[in-house]
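Me: I would like to learn how to read the features of a model such as this one, going step by step from strand pairing to helix packing and then to symmetry. Could you take me through them?

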Number of protein chains: 2
Amino acid sequence: MNRKQLIEQIRKKQSFLCVGLDTDPDLIPDCLKDHPHPVQEFNKRIIEATHDLCVAYKPNTAFYESRGVKGWEDLVQTWKLIPQDCFSIADAKRGDIGNTSTRYAQAFFDESLSGMSFDSVTVAPYMGSDSVKPFLAFEDKWVILLALTSNEGSRDFQFLKSDDKQLFESVIQESRSWAGSDQLMYVVGATRGEAFTTIRKWAPDHFLLVPGVGAQGGNFAEVCRYGLNKDCGLLVNASRSIIYASKGSDFAEKAREEALKMQQEMAAELRKIDF
Amino acid sequence: MNRKQLIEQIRKKQSFLCVGLDTDPDLIPDCLKDHPHPVQEFNKRIIEATHDLCVAYKPNTAFYESRGVKGWEDLVQTWKLIPQDCFSIADAKRGDIGNTSTRYAQAFFDESLSGMSFDSVTVAPYMGSDSVKPFLAFEDKWVILLALTSNEGSRDFQFLKSDDKQLFESVIQESRSWAGSDQLMYVVGATRGEAFTTIRKWAPDHFLLVPGVGAQGGNFAEVCRYGLNKDCGLLVNASRSIIYASKGSDFAEKAREEALKMQQEMAAELRKIDF
């Protein structure tokens with residue numbers, strides 16, 4: 001999905017919600033425990049219940065890898081379940097030297113090899129340009145680069161100041177030359193509301209993937225105030241608050257209710273900017 | 001494998017060689033192409049031919065993931081092939097927020113869930129302490145943290161100076177409080193020979209995993225001069241120069257020849273420090 005198509009979906013659905021499919025087998029409702037593929041069935045029902053309210057799905061690969069080969073099978077099947085009109089994100093936080101990053105890119109972008117072709121993958125910036133560029137060599141595929149993350153540990157290195165710029169600013173400034181805003185997004189945690197003005201100084205046009213609203217305590221209103229741009233420019237992710245809204249057999253229904261609440265808040269924000 | 005056992009193996013084998021199992025199906029000799037599991041068979045024969053000459057094996061997960069479920073099966077089987085007296089490294093360069101990093105740790109450390117239990121995993125430091133600590137919660141398991149990598153792109157961020165310390169120095173200084181030298185190693189590229197003195201200032205006791213000797217052009221003598229410590233303190237990795245030493249049916253034999261050359265150079269270096 002390219003930038004234009006993504007913006008069209010946001011306009012059509014009046015939503016910039018991304019649903020995080022961080023599906024933890026321990027938290028799946030009892031009613032699915034006897035299903036031959038509980039994770040796949042859970043994801044299927046969550047997607048059916050929410051796809052008209054969100055514009056993106058983001059499985060975090062850790063929750064799949066932790067169960068080895070079976071988990072990887074669930075990841076492949078989950079990718080297949082994501083509707084064509086939703087932007088798909090492999091939240092994998094990969095990154096390695098050039099020829100190896102190409103292999104990671106194949107894992108998430110080349111269906112003929114890996115069985116999956118996500119629209120985008122999250123990538124860690126530590127190893128620099130040649131660890132990121134191999135992903136960008138795939139046409140119409142996106143890199144979502146970690147800039148400022150939502151966890152406590154982000155304070156350890158991401159705010160280190162060099163030549164008056166914090167590390168996350170250097171990451172954005174430097175990486176802008178690797179690709180345009182049609183192939184590159186940034187991860188910016190919602191727990192850092194005040195930082196959005198700094199981020200928008202360096203990346204006025206880029207889409208930002210914003211985790212940390214909901215369970216992690218980020219402030220949605222602040223994110224919108226400082227983060228929205230003329231093309232919307234935000235994908236706000238919610239995982240646990242939606243997919244685990246209920247532990248009962250009504251889990252999909254409750255997930256929809258939570259997604260709907262968020263979509264309505266988003267529609268109100270989009271109206272403010274006449275989107 | 002704990003630190004004492006690793007040092008014993010180095011002493012016994014007079015080697016600090018790590019063989020990188022970056023097994024690329026496109027580069028597997030023709031004689032294995034009709035095998036039902038070419039990657040597994042290739043790795044099996046490489047391991048049989050080299051295990052008395054090296055102390056560690058390091059499959060890079062990218063080469064397995066790129067082939068989806070089948071590749072992940074090959075990774076699990078490859079882990080099983082690594083002998084008990086060799087240190088096993090999942091070169092995965094993972095890292096995510098706390099509860100998610102726990103899942104990554106399970107993927108590589110918890111055999112009951114994932115089918116694999118490597119001794120160690122490589123981790124990217126960008127997200128800070130709480131992205132690394134979940135791996136360290138596993139007893140006798142190691143984190144090998146990216147510090148200074150061997151690729152060109154390492155110049156983009158790893159050398160940024162803050163308070164007179166370059167980023168890779170801050171990573172080492174900060175992370176030393178997360179675990180001791182019995183659970184934490186650092187990745188330091190051999191292409192940065194001159195940096196080893198700086199690294200040893202911050203991490204005199206830690207083991208360093210050193211890629212970039214061989215195909216990437218690093219200087220083995222410099223690495224030893226500045227990197228060796230009283231417990232050896234180095235694991236030098238070679239991948240392509242060993243596993244692709246021949247494209248013929250003698251690939252395992254030629255791999256052994258290359259590994260033997262390196263083991264002999266290592267034995268000579270260890271004699272210099274009376275190890």
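Me: How many bridges join strand β4 of chain B to strand β5 of chain B, and in which sense do the two strands run?

Reply: Keep in mind throughout that this is a predicted model. Strand β4 (residues 120-123) of chain B and strand β5 (residues 142-148) of chain B run parallel and are joined by 4 bridges. To find the register, look at a residue and the one that faces it: B:Val121 has B:Val143 of β5(B) standing opposite.

Me: Which helix packs on the sheet there, touching β4 and β5 of chain B?

Reply: That is helix α7 (residues 129-136) of chain B, whose direction makes about 145° with that of β5(B). A further helix, α9 (residues 167-175) of chain B, lies across β5 and β8 (184-188) of chain B and runs at about 155° to β5(B).

Me: What do the strands form when the pairing is followed from one to the next in chain B?

Reply: They form a closed barrel of 8 strands, in the order β1-β2-β3-β4-β5-β8-β9-β10 (chain B), with parallel pairing. On average, and with direction ignored, neighbouring strands of this sheet are turned by 30° against each other.

Me: Where should I look in chain A for the corresponding description?

Reply: In chain A, too, a closed barrel of 8 strands runs β1-β2-β3-β4-β5-β8-β9-β10, with parallel pairing, and the average turn between neighbouring strands of the sheet, direction ignored, is 30°. To see a pairing of β1 with β10, take strand β1 (residues 17-20) of chain A and strand β10 (residues 234-238) of chain A, which pair in the parallel sense over 3 bridges; within this pair, A:Leu17 has A:Val236 in β10(A) as its bridge partner. On this chain, helix α9 (residues 167-175) of chain A lies across β5 (142-148) and β8 (184-188) of chain A, and its run makes about 155° with β5(A).

Me: Now for helices on helices: at what angle do the axes of helix α2 and helix α4 of chain B cross?

Reply: A helix pair is read from the distance between the axes, the angle, the handedness and the residues that meet. The axes of helix α2 (residues 38-50) of chain B and helix α4 (residues 68-81) of chain B come within 9 Å and cross at roughly 20°. Angles under 35 degrees count as roughly parallel, and α2(B) and α4(B) are therefore roughly parallel to each other. The crossing in which α2(B) passes α4(B) is right-handed. On the α2(B) side the contact involves B:Val39, B:Gln40, B:Asn43, B:Lys44 and B:Ile47, which meet B:Asp74, B:Gln77, B:Thr78 and B:Leu81 in α4(B); the residues of this contact divide into 3 nonpolar, 4 polar and 2 charged.

Me: How does the reading go for α2(B) and helix α13 of chain B, which pack with their axes 9 Å apart?

Reply: α2(B) and helix α13 (residues 251-272) of chain B pack at an angle of about 40°, and they are therefore oblique to each other. Their crossing is right-handed. From α2(B), B:Arg45, B:Ile46, B:Glu48, B:Ala49 and B:Thr50 meet B:Ala252, B:Glu253, B:Ala255, B:Arg256 and B:Ala259 in α13(B), a contact whose residues divide into 5 nonpolar, 1 polar and 4 charged.

Me: What is the arrangement of helix α4 of chain A with α4(B)?

Reply: Helix α4 (residues 68-81) of chain A and α4(B) pack at an angle of about 165°, their axes being 9 Å apart, and that makes α4(A) roughly antiparallel to α4(B). The contact is made by A:Gly68, A:Val69, A:Trp72, A:Glu73 and A:Val76 of α4(A) together with B:Gly68, B:Val69, B:Trp72, B:Glu73 and B:Val76 of α4(B), and its residues divide into 6 nonpolar, 2 polar and 2 charged.

Me: Which rotation superposes chain A on chain B?

Reply: In general, two copies of a chain are related by a rotation about an axis and a shift along it. Here a rotation of 180°, with 0.0 Å of shift along its axis, superposes chain A on chain B (RMSD 0.0 Å); the two copies are thus related as by a two-fold rotation axis. A:Ser162 is the residue of chain A that comes closest to the rotation axis, with its C-alpha at 2.4 Å.

Me: How many residues of each chain are in contact across the interface?

Reply: There are 51 residues of chain A in contact with 51 residues of chain B. On the side of chain A that touches chain B, the largest share, 6 residues, comes from helix α5 (residues 98-109) of chain A, and the residues of that side divide into 19 nonpolar, 19 polar and 13 charged. Since 100% of the interface residues of chain A are also interface residues in chain B, the copies meet through the same surface.

Methods. Residues numbered from 1 in each chain as written. Chains lettered and ligands numbered in written order. Predicted model: local features only at pLDDT ≥ 70, side-chain atom pairs only at ≥ 80, totals over all residues. Contact = placed C-beta atoms within 7 Å. Nonpolar A, V, L, I, M, F, W, Y, C, P; charged D, E, K, R; others polar. Axes fitted to C-alpha atoms, helices over the stretch in contact; angles between N-to-C directions. Parallel < 35°, antiparallel > 145°, perpendicular 65-115°, else oblique. Left-handed = near helix turned anticlockwise from the far one by under 90°. Least-squares fit on C-alpha atoms with pLDDT ≥ 70 in both. Pairing = 2+ DSSP bridges.
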